[in-house]
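Visitor: I would enjoy a close look at one part of this protein. Could you take me through it slowly, with the surroundings that matter for it?

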Amino acid sequence: MSHATPVFPEAGPSESPYRPHLVELIPQEQLRTVLHPVFRYVLTYLAQHYPRYFLRIVNRHEEAFALVLLLLEKHHLWKHDASLSEHFYQLKLAPARVHTPRLGSIHAQQPARLSNRQRWGMLLVLVGLPYVRARLDDFYDRWSTQNDPELSLADQGPPLTTGQKIFLKVYPTAVTAFETTLLAYDVAYLFEKTEFFRPWHRWLGVRIERAIDDAPPSSTQSFLSKLPPLLPPLLLALKFAQWWYSPTSPRSLPAASKSEEQSLHTSVLPPRPLPILPSSGLLTPPHSPEDEKQELKADPSEQTYQIDAKEFGHCPICKGKWQNPAILPSGWVVCWRCGWDAISGEGELGEAGKNRCPITGVAVNQSDLRRVLV
């Protein structure tokens with residue numbers, strides 16, 4: 001059941017059923033911010049496959065998006081008195097001041113429509129403000145890193161002019177003031193201190209209302225009004241298709257039989273074991289210093305070293321139980337203190353064992369010692 005419009009709006013109730021809540025207005029603004037990233041990604045995808053036609057458009061994607069947005073917003077403002085996102089959320093723009101009719105002309109009135117001045121003003125805000133903001137952000141990002149000695153990849157261009165330096169100092173303050181103004185309007189609108197959701201609504205004399213007087217949507221609804229909510233799922237489907245048809249996707253891998261998979265896994269052999277130094281005292285039978293050179297030249301697989309259940313969990317250096325165990329790059333687990341002293345040259349081998357694994361003799365740094373949880 002629709003609410004009847006009072007003849008004298010000033011004498012009506014203070015809480016109008018046409019006034020949308022703040023939680024209805026924030027999503028329609030967020031929906032508007034989704035359009036540009038989706039538009040840019042689609043252009044980038046097309047430029048990768050058809051660079052002859054879309055590469056120049058990608059290089060000027062800000063202008064291309066502003067042109068498309070101009071056509072969409074102009075269509076919705078002139079036909080529905082609402083922007084693209086407002087029309088999707090069943091909202092509309094209405095004049096803030098409506099002339100009171102004379103008593104002799106009381107009859108069913110048509111809803112008040114926006115004037116051409118208000119439509120052109122809203123079109124300028126909806127299209128021009130995002131475009132100008134994007135270009136100013138681009139200038140700030142480019143000039144703030146230009147000729148910066150702290151950045152090795154900085155653009156060593158010409159020196160900044162006086163106007164550019166003033167812009168770099170003023171622009172962050174201006175952006176902060178602008179965002180603070182929008183936040184103040186959000187709070188004021190939330191507590192019903194103002195009927196205008198944005199400052200340009202006050203300047204143009206328009207306000208946002210629920211479109212409850214409009215006719216119910218017909219089956220021949222415009223395709224453009226159905227497009228915004230479909231953009232995120234379409235973007236997700238496009239990225240999935242791009243990954244699925246890429247050369248690295250599972251679809252591009254040849255199908256292998258079970259016998260081929262088994263042969264593939266069996267062909268990958270583990271790395272050969274590193275030779276154990278005779279000076280470590282781990283080899284059996286014990287070696288004399290004269291046999292050390294021959295043992296190092298022998299095949300590591302021929303070396304004999306066994307660990308029984310009683311010796312498991314003991315450090316091969318101090319022969320005691322692990323204390324704060326750590327692993328060496330060679331794969332041996334030792335006490336962290338024992339490994340640190342041996343690598344730093346404070347072990348039994350002294351400086352001869354510095355930066356060497358005390359078990360295998362491979363090159364090791366102190367930073368290669370990693371603690372493990374056992």
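Is Gln-90 buried, partly exposed or exposed?

Guide: Happy to help, and please keep in mind that this is a predicted model. Gln-90 is partly exposed, because its relative accessible area is 42%. Gln-90 sits in the loop between H4 and S1. The phi angle of Gln-90 is positive, near 60°, in a residue other than glycine.

Asp-81 makes a good companion to look at next. Asp-81 is found in the loop between H3 and helix H4 (84-88). Here too phi is positive in a residue other than glycine, with a value near 55°. Asp-81 has a relative accessibility of 3%, so Asp-81 counts as buried.

From that loop, step back into helix H3, where Leu-77 has its place. Leu-77 is buried, since its relative accessible area is 0%. Setting aside neighbours within four places in sequence, Leu-77 is in contact with Ala-82, Ser-83, Leu-93, Arg-119, Met-122, Leu-123 and Leu-126. One of these partners, Leu-93, is 16 residues away along the chain, and its C-alpha atom is separated from that of Leu-77 by 8.7 Å.

Leu-77 and Leu-93 bring us to the core. The largest nonpolar core has 24 residues, and those touching the most other members are Leu-25, Leu-77, Leu-93, Met-122, Phe-197 and Ile-208. At least two residues of this core come from each of H1, H3, strand S1 (91-95), helix H5 (116-144), helix H6 (162-190), helix H7 (199-204) and strand S2 (206-210). Met-122 is worth a pause: neighbours within four places in sequence aside, its contacts are Leu-77, Leu-93, Trp-200, His-201, Leu-204 and Val-206. A second core, separate from this one, has 13 residues, among them Trp-332, Cys-335, Ile-343 and Val-364.

Let us now see how H3 is placed against H1. The axes of helix H1 (residues 22-49) and helix H3 (residues 61-80) come within 10 Å and cross at roughly 120°. H1 and H3 are therefore oblique to each other, and H1 passes H3 in a right-handed crossing. On the H1 side the contact is made by Leu-35, His-36, Phe-39, Arg-40 and Leu-43, and on the H3 side by His-61, Glu-62, Ala-64, Phe-65 and Val-68. By class, six residues of this contact are nonpolar, two are polar and two are charged.

H1 also meets helix H2 (residues 51-59), with axes that come within 7 Å and cross at roughly 145°. This crossing of H1 past H2 is left-handed. Leu-43, Thr-44, Leu-46, Ala-47, Gln-48 and His-49 of H1 meet Pro-51, Phe-54, Leu-55, Ile-57 and Val-58 of H2. The contact of H1 with H2 has eight nonpolar residues, three polar ones and no charged ones.

For one further positive phi, go to Gly-345, which takes a value of about 90° just after H11. Helix H11 (residues 336-343) has Cys-338, Gly-339, Asp-341, Ala-342 and Ile-343 as its buried residues, and strand S4 (333-335) is included in what covers them.

Finally, the wider setting: the protein chain has 11 helices and five strands. Of its 374 residues, 30% are buried. Among contacts in the chain with a separation of 6 or more, 60% are between residues 24 or more positions apart.

Notes. Residues are numbered from 1 along each chain as its sequence is written. This is a predicted model: local features need pLDDT of at least 70, side-chain atom pairs count only at pLDDT 80 or more; totals for chains, interfaces and linings use all residues. Side-chain values use heavy atoms; hydrogens and water are left out. Axes are lines fitted to C-alpha atoms, for helices over the stretch in contact, and angles run from 0 to 180 degrees between N-to-C directions. Helices (H or I, at least four residues) and strands (E, at least two) are DSSP runs, numbered from the N terminus. Angles under 35 degrees count as roughly parallel, over 145 as roughly antiparallel, 65 to 115 as roughly perpendicular and the rest as oblique. A crossing is left-handed if the near helix is turned anticlockwise from the far one by less than a right angle, and right-handed if clockwise. Contact means heavy atoms within 4.5 Å. Ala, Val, Leu, Ile, Met, Phe, Trp, Tyr, Cys and Pro count as nonpolar, Asp, Glu, Lys and Arg as charged, and the others, Gly among them, as polar. A nonpolar core is a set of buried Ala, Val, Leu, Ile, Met, Phe, Trp, Tyr and Cys residues joined through side-chain atoms within 4.5 Å. Buried means under 20% relative accessible area, exposed over 50%, partly exposed in between (1.4 Å probe, protein chains only).
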